[in-house]
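Student: Could we zoom in on just one part and take it slowly? What surrounds the ligand?

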Amino acid sequence: MGKGKNILLCVSGGIAVYKAAALTSKLAQAGYEVKVIMSQSAMEFVQPLTFQALSRNDVYFDTFDEKDSSVIAHIDLADWADLVLLAPATANAIGKLANGIADNMLTTVLLAATSPVWIAPAMNVHMYDHPAVKKNIQTLSDWGYGFIEPSEGFLACGYVGKGRLEEPENIVKLVDAHFRPGQGGLLAGKKVLVTAGPTVEQLDPVRYFSNKSTGKMGYAIAEKAAEMGAEVTLVSGPTHLAPPHGISLVSVETALEMHEAVTGRFPEQDLVIKSAAVADYKPAETFEHKVKKQDGMLSVPMERTPDILKSLGEQKQHQILIGFAAETQSVDLYAKKKLEAKNLDMIVSNNITAEGAGFGTETNLVTFHFKDGSRRDLPLLSKKEVAKELLIEARRLLEGRFQ
Ligand code: CTP
């Protein structure tokens, strides 16, 4: 699987270093070439010799220990890597990277890296929740670093919560999916188009109409679909999110641009998931210059934008079509109406006034409604978990398509 691909594993110091040893072993078994860099504190937990034996390569921990005089080790290692993994990533290592500090071999190489860098945090639940750590993670995420979220469970410090390093076998699956999109996985060989975020409808050079969508749900779906082996196109309105790894991003602003981007790509898709919050109206006129204020009230004539999902429903042939219905009242009723009116296979409804659901939150409380009238109510889940459940249903619908 991993033949010809170089993974640089940066190990910072926490109890989860032992899992990094298992990760090294599993990556090497999968055929990846693995080189390991350790921080001083990582070496307090496990000897470099362990990583050397498992990776069958030298282990690096000293910026000034130049093993090969023809190259500068930290630059050479950074250039060598096709993918850099920081696992486990301590609060300290994350903090240094987010602030440009390069005071040892590990952090120096991280700053010099030009290939994708994925960070797998592992720490105490309260440390993970600390505003400083959250801010650093957000900064790195905004700069395009990938994150492998820690899972929940028993932590070595005795607490139960979020902070456990993701299991090595799952990290290997993510790495495999990154290098071999479309092979293996629940959605292997499937073409999936996801829309996300808001649309922005300009009134004049400084003002626009938009909505509160942040794109988190759609980006989570795109990321999970890629992890499941799909070939993913993400058509996104403006968001502050870093695009997930291994997907094709098409950036749009307006409902009309989204309509064009989605319609043109529709015929070859197997599955389309429309989680974008598309503006239903746009200003009838977009002014070239800033509109000046006047006395009294202002009316802005608005005209309808195309209903993208409805037009896909009318055109659909073999595709599975999934829509979203974010409502504030009569959720089931409106969701079922949209399912039928737009000729969908499934609609995901949520009451955006419920706690933990809706725009900008990390979680969502949703119900899946199907064409045959059946439904599935999910508990409050992270948007990534909702994405996973949604894609499992999508896979089932794709299978049914051929029956
Ligand atoms: N949608 C779309 N194009 C639009 C409006 C909505 O493709 N112009 C899609 C959304 O991406 C979503 C679904 O239709 O998957 C439902 O969107 P929503 O805004 O909840 O419903 P509307 O159809 O706009 O109906 P209403 O405004 O009456 O609630």
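Tutor: Sure, with one bit of vocabulary to start: helices (H or I, at least four residues) and strands (E, at least two) are DSSP runs, numbered from the N terminus. What you see is a predicted model, where local features need pLDDT of at least 70 and side-chain atom pairs need 80 or more, while totals for chains, interfaces and linings use all residues. Residues count from 1 along each chain as its sequence is written, and side-chain values use heavy atoms, without hydrogens or water.

Now find the ligand: the space it takes is the second largest pocket. A pocket here is an open set of points on a 1 Å grid over the protein atoms alone, where a 1.4 Å probe fits, with protein on both sides within 12 Å along at least five of seven lines. The ligand counts as sitting there if more than half of its atoms lie within 2 Å of the grid points.

That pocket holds about 860 Å³ of space, counted as the space filled by probe spheres set on the points, which are joined across faces, edges and corners. Its lining (residues with an atom within 4 Å of a point) has 36 residues, and A276, A277, V278, F324 and A326 lie nearest the centre. Helices α10 (216-227) and α12 (308-315), plus strands β17 (320-327) and β18 (346-351), are the elements that each give two or more residues to this lining. By type, the lining has 16 nonpolar, 12 polar and 8 charged residues; Ala, Val, Leu, Ile, Met, Phe, Trp, Tyr, Cys and Pro count as nonpolar, Asp, Glu, Lys and Arg as charged, and the others, Gly among them, as polar.

Next, the shell around the ligand itself: 16 residues, with K274, A276, L309, K338 and K342 the closest. To be in, a residue needs a heavy atom within 4 Å. Here 9 are nonpolar, 2 polar and 5 charged. Both α12 and β17 supply at least two shell residues, and β17 gives the largest share, 4.

Look at the backbone too. A276 has a backbone N or O atom 2.8 Å from a ligand oxygen, and L309 also has one at 2.8 Å. For F324, a polar backbone atom is 2.9 Å from a ligand oxygen. Taken alone, the ligand exposes 570 Å², and the protein buries 76% of that (Shrake-Rupley areas, 1.4 Å probe).

Key:
Polar contact = N/O pair within 3.5 Å; in protein donor to acceptor, adjacent residues only side chain to side chain.
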